[in-house]
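Please open the structure in your viewer and set the display so that you can select single residues and show their side chains. The tour below goes from one selection to the next and says what is to be found at each stop.

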Amino acid sequence: MRNFKFLIVLFFAISLTFIGCKKYNDGPRISFMPKKYRVANKWKIDRKFENSVEVTRSADWENETYEFKSNGGYFYTNVLGITSQGTWDLENTKENLVIFTSSSTVYKILRLKNKELWLEDTNIPGIETETHYVPK
């Protein structure tokens, strides 16, 4: 009987721990893969919102890539094939993604999964941009 009570208490303690583990507003609730390795991927834009209004999908999005290497390298290729590079890091207890090129740009991470990356950009005053990425 003591073991049963102990298991019940342990179950509730673990449940409460997982309820409080949600780092990003839009998920996931829990992941065993480190955040750095979930960011490390080659991404393309899937959807984009400006001030909560969806932006019309652009054919250029298919040809733009954002690549984050696990060693901290960052590569961006635009529709014309022009590439820029820099580094990236997670900051503010891994709630922000910072890209360092000729300057630094900070994005708030809204969702971070193996196959989804949602970033919020508030770097331009008056314009809040939310971009959803999927693997390229």
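Begin by selecting glutamate 62, which in this predicted model counts as partly exposed, with a relative accessibility of 32%. That value lies in between the two cut-offs, since buried means under 20% and exposed means over 50%. Side chains of opposite charge can pair when their charged atoms come close, and this stop offers two such pairs to look at. Add arginine 57 to the selection, and you will find that its side chain meets that of glutamate 62 in a salt bridge, at 2.7 Å from N to O. Arginine 57 is likewise partly exposed, at 43% relative accessibility.

Now select lysine 44 as well, which forms a salt bridge with glutamate 62, the closest N and O atoms being 3.1 Å apart. This pair links distant parts of the chain, for lysine 44 belongs to strand β1 (residues 41–50) while glutamate 62 sits in the loop between β2 and β3, 18 residues apart. Is lysine 44 buried or exposed? With a relative accessible area of 18%, lysine 44 is buried, because the limit for that word is under 20%. A third salt bridge can be visited in another part of the chain, where glutamate 116 pairs with arginine 111 and the closest N and O atoms are 2.9 Å apart; arginine 111 counts as buried at 17% relative accessibility. As for Lys44, Arg57 and Glu62, they are joined into one network by salt bridges that share partners. A search of the whole structure finds six salt bridges.

Next, select glutamate 64, which is in the loop between β2 (53–54) and β3 and is buried, with a relative accessible area of 13%. If you measure from its C-alpha atom to that of lysine 44, the separation comes to 6.2 Å, although the two residues are 20 apart along the chain. Which residues does glutamate 64 touch, not counting residues up to four places away in sequence? They are Trp43, Lys44, Ile45, Tyr76, Thr77, Asn78 and Val79. Show the side chain of tyrosine 66 too, and you can see a polar contact of 3.3 Å joining it to the side chain of glutamate 64.

From here, follow the chain into strand β3 (residues 65–68), which pairs with strand β4 (residues 73–77) in the antiparallel sense over four bridges. Threonine 65 has threonine 77 in β4 as its bridge partner. Four residues lie between the strands of this hairpin, in which glycine 72 takes a positive phi near 100°.

Continue to strand β5 (residues 83–91), which runs antiparallel to β4 and is joined to it by five bridges; among the pairs to select are glycine 73 and its bridge partner in β5, threonine 87. The hairpin of β4 and β5 has five residues between the strands, and glycine 81 in the turn has a positive phi of about 85°. Valine 79 lies in the loop between these strands and is partly exposed, with a relative accessible area of 36%. Select Val79, Leu80 and Ile82 together to see a nonpolar patch on the surface, with about 300 Å² of accessible area together.

Move on to strand β7 (residues 104–113) and strand β8 (residues 116–124), which run antiparallel and are joined by five bridges. Isoleucine 109 stands opposite leucine 119 in β8, and the hairpin that joins β7 to β8 does so through two residues. Strand β8 is in turn joined to β9 by six bridges, again in an antiparallel arrangement, and isoleucine 124 has isoleucine 127 in β9 as its bridge partner. Within this hairpin, which has two residues between the strands, glycine 126 takes a positive phi near 85°.

For the last single residue, select histidine 132, which is in strand β9 (residues 127–135) and is buried, with a relative accessible area of 7%. Its side chain is joined to that of glutamate 130 by a polar contact of 2.6 Å. Leaving aside neighbours within four places in sequence, the contacts of histidine 132 include Lys44, Phe49 and Trp118.

Finally, select the entire chain, whose secondary structure comes to two helices and nine strands, following the pattern α-α-β-β-β-β-β-β-β-β-β along the sequence. Buried residues make up 29% of its 136 residues.

Note on methods. Residues are numbered from 1 along each chain as its sequence is written. This is a predicted model: local features need pLDDT of at least 70, side-chain atom pairs count only at pLDDT 80 or more; totals for chains, interfaces and linings use all residues. Side-chain values use heavy atoms; hydrogens and water are left out. Buried means under 20% relative accessible area, exposed over 50%, partly exposed in between (1.4 Å probe, protein chains only). A polar contact is a pair of N or O atoms within 3.5 Å; within protein, one must be able to donate a hydrogen and the other to accept it, and residues adjacent in sequence count only if both atoms are side-chain atoms. Contact means heavy atoms within 4.5 Å. Two strands pair if DSSP finds at least two bridges between them. Patches are made of residues with over 30% relative accessible area and no salt bridge: like charges are joined within 9 Å, nonpolar side chains (Val, Leu, Ile, Met, Phe, Trp, Tyr) within 5 Å. Accessible areas come from the Shrake-Rupley method with a 1.4 Å probe; for residues, only the protein chains shown count as cover. A salt bridge is a side-chain nitrogen of Lys or Arg within 4 Å of a carboxyl oxygen of Asp or Glu.
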